[in-house]
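I opened this entry to keep a careful record of what I looked up, one topic after another.

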Amino acid sequence: MAARSTAPEKRPGFFSQIRTLFTFTQKAYPWLPWLLAAIFIVSIALGVGIGLLLPPVALWSIALWAVTGLMLGILASLMTMTRLSTSAMYKQIDGMPGAAGHVMSTSLGRKWQSSDMPVGVNPKTQEAVYRAVGRGGVVIVGEGARGRLTRLVNDERSKAQRVATGVPVTVFYVGHGPDEVPIAKLASAIKALPKKIDRATMAAVIKRLDSVSQSLASLPIPKGIDPTKARAPRPR
């Protein structure tokens with residue numbers, strides 16, 4: 001039997017991550033190379049223009065400002081690719097089972113606690129309900145056909161109201177219809193909720209909800225999202 005290697009896993013280098021980020025984003029936005037080229041040209045031209053306007057006007061000054069413009073262009077390009085890659089990720093997972101759980105488990109930050117596993121699921125239709133607890137109270141998110149989600153959402157809302165009396169319970173439905181929240185705006189909608197409870201109350205609510213939640217280990221969980229593929233790669 002071969003001995004297991006104890007060497008640490010080698011992480012991809014910076015330039016490898018940039019290449020992966022570029023490839024991922026270009027699939028959703030084919031015009032990305034032209035945008036990045038325009039950013040570089042404008043940044044360098046701006047640097048040269050400043051070098052020509054500010055005294056002393058000399059070759060070394062113009063070259064220095066051109067390099068400064070190039071560095072700013074690189075920074076602006078990375079920021080642009082990061083924003084576009086996030087948008088591309090949302091476009092990729094929009095409408096897929098498990099998308100809400102993926103967003104809630106990766107994009108809410110430390111002030112909210114959630115999981116990519118649903119707290120309620122219809123094994124036949126893959127409609128699912130997810131839950132997050134934070135300073136804004138309890139949030140229940142329904143993913144799937146709204147009509148078939150009614151019972152699942154009502155069960156989770158009743159459970160939260162029963163064990164967390166006085167804590168606000170907010171319900172969101174993911175989708176593009178009336179009174180629904182697009183997957184790209186789900187995290188911002190949750191984080192925009194006003195603070196209603198303190199940290200101690202939040203911890204108590206999480207503990208109570210965990211104690212009454214039924215285990216879903218035996219139920220088929222939606223497999224539409226692979227977080228390692230759906231998440232937009234970011235340079236370290």
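The notes below go from confidence to strands, then to a helix and to two single residues.

**Ground rules.** I am working with a predicted model, in which local features need pLDDT of at least 70 and side-chain atom pairs count only at pLDDT 80 or more, while totals for chains, interfaces and linings use all residues. Residues are numbered from 1 along each chain as its sequence is written, and side-chain values use heavy atoms, with hydrogens and water left out.

**Confidence.** I began with pLDDT, the predictor's confidence in each residue, from 0 to 100. The chain averages 85, and 86% of the residues score at least 70. I then looked up helices (DSSP runs of H or I, at least four residues) and strands (DSSP runs of E, at least two), both numbered from the N terminus. Confidence is highest in strand 5, at 96, and lowest in helix 8 (residues 227-230), at a mean of 48. I also noted residues 215-221, where pLDDT stays under 50 and the model has 10 contacts (heavy atoms within 4.5 Å) beyond four places in sequence.

**Strand 3 and its partners.** Which strands does strand 3 pair with? I counted two strands as paired if DSSP finds at least two bridges between them. Strand 1 (residues 112-114) runs antiparallel to strand 3 over 3 bridges, and there glutamine 113 has valine 133 as its bridge partner. Strand 2 is also antiparallel to strand 3, with 2 bridges, and glycine 120 is matched with valine 129. These two strands form a hairpin with 6 residues between them, and in the turn I found glutamine 126 with a positive phi of about 70°. Strand 4 is joined to strand 3 by 7 antiparallel bridges, including the one between glycine 134 and glycine 137, and the hairpin connecting strand 3 to strand 4 passes through 2 residues.

I next checked burial, where buried means under 20% relative accessible area, exposed over 50%, and partly exposed in between (1.4 Å probe, protein chains only). In strand 3, 7 of its 7 residues are buried. Both faces are covered, with Ala128, Tyr130, Ala132 and Gly134 on one side and Val129, Arg131 and Val133 on the other.

**Helix 5.** Does the length of helix 5 agree or disagree with what should be expected? The expected span is 1.5 Å times one less than the number of residues. For the 18 residues of helix 5 (residues 146-163) this should be 26 Å, and the end C-alpha atoms are 25 Å apart, which agrees. I nevertheless found a kink of about 30° centred on leucine 152, the bend at a residue being the angle between axes fitted to the seven residues ending there and the seven starting there. Leucine 152 is also buried, as are Leu149, Val153, Glu156, Lys159, Ala160 and Val163. The buried residues of helix 5 pack against strands 2, 3, 4 and 5 and against helix 7 (199-212).

**Two single residues.** Serine 43 is found in helix 2 (residues 32-53) and is buried, with a relative accessible area of 13%. Not counting residues up to four places away in sequence, serine 43 touches Gly69, Leu72 and Gly73.

Isoleucine 190 lies in helix 6 (residues 186-191) and has a relative accessible area of 0%, so I recorded isoleucine 190 as buried. With residues up to four places away in sequence again left out, isoleucine 190 touches Met104, Leu108, Trp112, Val139, Val141 and Phe172. Isoleucine 190 and isoleucine 140 are 50 residues apart in sequence, and their C-alpha atoms are 9.9 Å apart in space.
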